[in-house]
Amino acid sequence: MTGPEPAEDSDDASHDADDAPYDGQVLFDLLDSTKAVLFDFDGPVCDLFGGASTASVAAEVKEAARQAWGVLDPEVEACDDSHGILRRLRDVYDRPAARSLGRDPLDQAELIVARQELGAVEKAAETPHVGTLLGLLHELGIRMVIVSNNAERPIREYLRRHGLEERFGHVFGRDPDNAGLMKPDPDCVRRALKYLDVPAGSCLFVGDQPSDLEAARSADTCLPFLGYTRDRAKASDMAANRANAVVDSYLPVIGAAEKVRKARWASRHQVG
Ligand SMILES: [Mg+2]
């Protein structure tokens with residue numbers, strides 16, 4: 001394959017990569033050996049809720065559950081976020097004594113939360129520089145998939161609206177029949193690795209939550225992990241749990257991807 005020599009790294013990306021508080025070589029080595037990237041959706045690809053609370057959705061789910069199950073457990077009543085309430089209802093349902101209650105509240109909860117996620121897509125903001133990064137990874141021949149706790153339909157709708165459908169080979173979202181399989185359970189990561197059919201050590205998981213790292217490690221201890229978060233506590237948590245790298249911006253990752261592209265071009269043309 002031939003082509004024009006890649007342009008010099010953008011000033012922004014190079015500057016950030018050089019100033020980043022970790023070794024840019026780590027990012028270069030990670031990307032250079034990566035054949036596929038598994039992206040979490042909310043955070044690494046977009047900001048789905050813009051920091052808005054999901055308490056009203058949790059309240060709607062609880063009201064529906066009360067009508068079917070009667071009095072709810074205190075831990076269910078205390079939950080005020082959409083994914084937390086899905087998980088807690090599932091936990092209750094999984095108790096043998098609760099099976100006789102029926103699973104209608106679980107199905108209703110899934111519909112309510114998925115509807116809220118679909119509504120959020122309209123205003124969801126793209127993660128800064130993610131479009132540039134996805135384009136570079138595509139150029140490098142790296143396959144990409146989504147592994148998310150969000151429902152698949154809202155994710156696909158977001159990708160369609162932002163012209164990103166072609167970038168991702170597949171979307172592995174929340175199992176509508178079992179919210180207990182959300183990350184940190186490794187279910188969606190395992191499904192993605194099976195689909196990709198390349199060694200986990202040749203893939204890279206990009207996530208913004210410690211639960212993403214936990215899911216990655218549970219799926220396959222060889223799966224490298226890149227943390228993407230501006231939350232210092234989460235970044236420290238990921239670093240302490242041996243994330244391969246943690247960034248608070250994609251600029252140094254873009255800088256590393258550009259260096260990989262240049263190195264491969266030089267190798268093909270035996271330059272330098
Ligand atoms: Mg996330």
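Let's start with a charge and a ring: the charged end of Arg-103 sits over the ring of Tyr-93, 6.0 Å from the ring's centre. Keep in mind as you look around that this is a predicted model.

Tyr-93 belongs to a stretch worth a quick stop, helix 5, which covers residues 82–94 and also holds Ser-82. Is Ser-82 buried or exposed? With a relative accessible area of 3%, Ser-82 is buried, because anything under 20% counts that way. If you skip its neighbours within four places in sequence, Ser-82 is in contact with Thr-54, Val-57, Val-113 and Gln-116.

Now find the magnesium ion. Which residues hold it? Asp-40 and Asp-208 each use OD, while Asp-42 uses O, and the distances run from 2.0 to 2.2 Å. Written along the sequence, the spacing of these donors is D-x1-D-x165-D. Asp-42 and Asp-208 are 166 residues apart, so look for them in two places: Asp-42 is in the loop between strand 1 (36–39) and strand 2 (46–47), and Asp-208 is in the loop between strand 6 (203–207) and helix 10 (210–219). Their surroundings can be described too: Asp-42 is partly exposed, at 22% relative accessible area, whereas Asp-208 counts as buried at 12%.

Next, the greasy inside. In soluble globular proteins, nonpolar side chains tend to be buried together. Here the largest nonpolar core has 41 residues, and the members touching the most others are Phe-39, Ile-146, Tyr-158, Phe-168 and Tyr-250. Which element gives this core its largest share? That would be helix 12 (residues 251–269), with 6 residues. Zoom in on Tyr-158 and, leaving out neighbours within four places in sequence, you'll find contacts that include Phe-41, Val-45, Cys-46, Val-121 and Leu-164. There is also a second, separate core of 23 residues, with Ala-219, Ala-235, Ala-243 and Val-246 among them.

Rings come next. A pair of aromatic rings is described by the distance of the centres and the angle of the planes. The structure holds 5 aromatic pairs, and we'll visit two. Phe-172 and Tyr-195 meet edge-to-face, with 5.6 Å from centre to centre and 65° between the planes. This pair links distant parts of the chain: Phe-172 sits in strand 5 (residues 170–172) and Tyr-195 in helix 9 (residues 187–196), 23 residues apart. Phe-172 is buried, with a relative accessible area of 6%, but Tyr-195 counts as partly exposed at 36%.

The other pair, Tyr-228 and Tyr-250, is stacked: the centres are 4.3 Å apart and the planes differ by 20°. Tyr-228 lies in strand 7 (residues 225–228) and Tyr-250 in the loop between strand 8 (245–247) and helix 12, so the pair ties together parts that are 22 residues apart in sequence. Both Tyr-228 and Tyr-250 are buried. You've already met Tyr-250 as one of the best-connected members of the largest core, touching the most other members along with Phe-39, Ile-146, Tyr-158 and Phe-168.

Last stop: the cysteines. A disulfide is a covalent bond between the sulfur atoms of two cysteines. How many disulfides does a search of the whole structure find? The count is 0. Why is Cys-46 in no disulfide? The nearest cysteine sulfur, that of Cys-188, is 15 Å away, and a disulfide needs the two sulfurs within 2.5 Å. Cys-46 counts as buried, at 0% relative accessibility. For Cys-188, the nearest cysteine sulfur belongs to Cys-203, 13 Å away, and Cys-188 is in no disulfide either. Cys-188 is buried as well, with a relative accessible area of 2%.

Technical notes
Residues are numbered from 1 along each chain as its sequence is written. This is a predicted model: local features need pLDDT of at least 70, side-chain atom pairs count only at pLDDT 80 or more; totals for chains, interfaces and linings use all residues. Side-chain values use heavy atoms; hydrogens and water are left out. Donors are N, O and S atoms within 2.8 Å of the metal (3.2 Å for Na, K and Ca); water is not among the atoms, so sites may look incomplete. Helices (H or I, at least four residues) and strands (E, at least two) are DSSP runs, numbered from the N terminus. Buried means under 20% relative accessible area, exposed over 50%, partly exposed in between (1.4 Å probe, protein chains only). A nonpolar core is a set of buried Ala, Val, Leu, Ile, Met, Phe, Trp, Tyr and Cys residues joined through side-chain atoms within 4.5 Å. Contact means heavy atoms within 4.5 Å. Rings of Phe, Tyr and Trp (its six-membered ring) pair if their centres lie within 6.5 Å; planes under 30 degrees apart count as stacked, over 60 as edge-to-face and the rest as tilted. A charge sits over a ring if NZ of Lys or CZ of Arg is within 6 Å of the ring centre and within 35 degrees of the ring normal.
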